Amino acid sequence: MTKDVRTRFAPSPTGYLHVGGVRTALFAWLVARQNNGKFILRLEDTDQAREVEGSAEHLIDSLKALGINYDEGPDIGGDFAPYKQSERLEIYKQCAQKLIDSGRAYADPYTREELQAFREKAQAEKKPFLYRNHRPENPPAWDGSRPLRFKSDPKAYQWHDEVMGDLSTGPEVIDDFILIKSDGFPTYNFAHIVDDAQMQISHIIRGQEFISSTPNYLNLYEALDIEPPILATMPHIMAASGGKKLSKRDGAKDILDYIDDGYLPEALVSFISTLGWNDGTEQEVFTVNELIEKFSLDRVQKSGAHFDEKRLEWVNGQFIRQLSTHDLYEKVGNYWPTEAENADENYKQKVLALGQDRLKTLRDLQQFGYFFADPQPSMELIDNNKQSRKLSPERRAELINDARNALQNSEFTPDAIQNTLNQLLETTGEKPGVLFSLIRIYTTWAPFSPQLNDTLALLGKETVLRRLQQQ
C-alpha cells in the first residue's frame, strides 16, 4: 500500500455507543494497527438539536474501556485539530465558497412549504422527488441565512467497495443536497468529505445505511477535486429475534453496560469482531493480537450478522477460564457478593479458583454468597428441581439426615468427601442426580454451584453439618 493508512471513527454524540458503532470503530482500528497506520476519533456534532449532553465523554470512555485507543482525537489533539466538527465551521465555509465560485453550489430560495408542495406534486404524479428538477434559475447570493445546496452533475457511477464489491448506479439517484444549513452548521454529507480529505483519511469504514448516498458523495468528490478514499461498507448487525437491524429498541445496550454486567473488554472485542467477519477457520475466540494479525476487509461478509447474547456469554466464559486466578482476582473488583465484604483474601481466592469454570460473567460471582454466610432457605429450589421435587418431604429429610451422619464421620478433603458421597449412593439406593442435587441445595440454597465435593470441602465440615442440621 503506497499511501499511509489513516482510518477514523466519526460518531455523532447523540447517545451511547452500542455494538454497531463499536464494530465500525474496531474494524477501522484493526486496519490502522495492522498497517502501522493511525486511527483517528472525530466527533460529528453538527446536529446540535440531537446532541445529548455528556455523550461525547461517554463515547470516549467506551472506546478506552475496550482498549480501542486512538492516535488523534478531540481530547488529545493531533496534526489536523480540531477534531470536533462544531469547531471547524470556518473550514467548511471556505470549502463552500470554493464550490460557489466554481458554480457548484447555490443558496436555496425555497420555503419549507414550497418544498413540501414540490414533494406532493411528485408523489401525485408517481415520480421520485428530485430537488434538481426545481433548481432555481437565478438563486440569491448566499449570505448564510438560507441553506446552501450542492449543484449536482447527474451521471452514472461505478465504484469498488472493499466489502460489497463492484457497485454501480445510474444518474437518477444524484440530487442537489444541502451542504450548509441555515444555522451555519454543515450537513454530514458535506462535512465528512471535507474532514476526511483534510485529515488524509485513507479508508472510510462505515455502516450499510450510507451506501445509497455514495453516488452523491462521489459527485461531490469530483466537484471538490478530491480523490475518494478506499470505501468499505459494513453489513447490518441483525437482532437475534428476527430479520431486522439491531437497534436500541431491540436491546442494543450501551457497551459500558455490558462491562458493568461483568463482561470482559477483551471478550467483547473478540465477540464483536466476529459479527460479520471470520478468518476462514473454525476459530471462534480471538485475542487482540490475533485480530491485528488476521483481520482483513475481504473476509467481511456482505450479509447481515445476527447478534446472539448467549454466544457472547460463551465467549466471555472462555476468556474468564483462560485467566490465572491471580489475574481474575484483579479483574473481579466489586463483583463479590455483599457477604464477602469482610472475608479473608486468601479464602476469596480459593472461592474464585473453585468457581472460575462456572462463571459466564464476573457478575455471576455474586451468586456465591453461600461461601461466606449461611444462605436463606428457599423451597422453590426444591420445587423447581426436576430430581428433588419427586421426593416426599419425609424422604428428603431421611436422605439429608443420612448425608449428615456420613459426612460427620468423613475426612473433609475433596477425595474423601467424594468417596463418602459414593458410598451414600449405595446405602440409599438413590441416583446421583437425586441425592447430590439435594445435598447441594441444602448446603448452598443456590441454583448452581461448583462440583459438590469441592464445594463441601471449601465450606468446611462445621458449616456443612450445621446447614444439613437446619433442614
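This report describes one helix, one small sheet and several aromatic pairs in a predicted model.

**Helix α10**

Helix α10 covers residues 309-322, and because 14 residues at 1.5 Å a residue should span 20 Å, the separation of 20 Å between its end C-alpha atoms agrees with the expected value. At the N-terminal end of α10, Asp308 acts as a cap, with a side-chain oxygen placed 3.0 Å from the backbone nitrogen of Lys310. The buried residues of this helix are Leu312, Glu313, Val315, Asn316, Gly317, Phe319 and Ile320, and they pack against α7 (255-260), α8 (265-273) and α11 (325-332). As background to such a pattern, an α-helix has 3.6 residues a turn, so residues three or four places apart point the same way.

**The sheet of β3, β4 and β7**

Three strands form an open sheet in the order β3-β4-β7, and their pairing is antiparallel. Its edge strands are β3 (105-107) and β7 (178-180), each of which pairs on one side only. From one strand to the next, the twist averages 40 degrees. Strand β4, made of residues 148-150, pairs with β7 over 2 bridges in the antiparallel sense, and Arg149 has Ile178 as its bridge partner in β7.

**Aromatic pairs**

A pair of aromatic rings is described by the distance of the centres and the angle of the planes. Searching the whole structure gives 19 aromatic pairs, including the two in the table.

| Pair | Centre to centre | Angle between planes | Class |
|---|---|---|---|
| Tyr110 and Phe118 | 5.0 Å | 90 degrees | edge-to-face |
| Tyr258 and Phe307 | 6.4 Å | 55 degrees | tilted |

How are the rings of Tyr258 and Phe307 placed in the chain, and which parts does the pair tie together? Tyr258 lies in helix α7, whereas Phe307 lies in the loop between β11 (305-306) and α10, so the pair ties together parts that are 49 residues apart in sequence. Both Tyr258 and Phe307 are buried. Helix α7, which holds Tyr258, is also one of the helices against which the buried residues of α10 pack.

For the edge-to-face pair, the two partners fall on either side of the 20% limit that defines burial: Phe118 counts as buried because its relative accessibility is 19%, while Tyr110, with a relative accessible area of 23%, is partly exposed. Elsewhere, ring pairs link Phe27, Trp277, Phe286 and Phe295 into a cluster.

Conventions
Residues numbered from 1 in each chain as written. Predicted model: local features only at pLDDT ≥ 70, side-chain atom pairs only at ≥ 80, totals over all residues. Heavy atoms only, no water. Helix = DSSP H or I, 4+ residues; strand = E, 2+ residues; numbered from the N terminus. Expected span 1.5 Å × (residues − 1). Buried < 20%, exposed > 50% of the residue type's maximum accessible area, 1.4 Å probe, protein only. Contact = heavy atoms within 4.5 Å. Polar contact = N/O pair within 3.5 Å; in protein donor to acceptor, adjacent residues only side chain to side chain. Pairing = 2+ DSSP bridges. Axes fitted to C-alpha atoms, helices over the stretch in contact; angles between N-to-C directions. Phe/Tyr/Trp six-rings, centres within 6.5 Å; stacked < 30°, edge-to-face > 60°.
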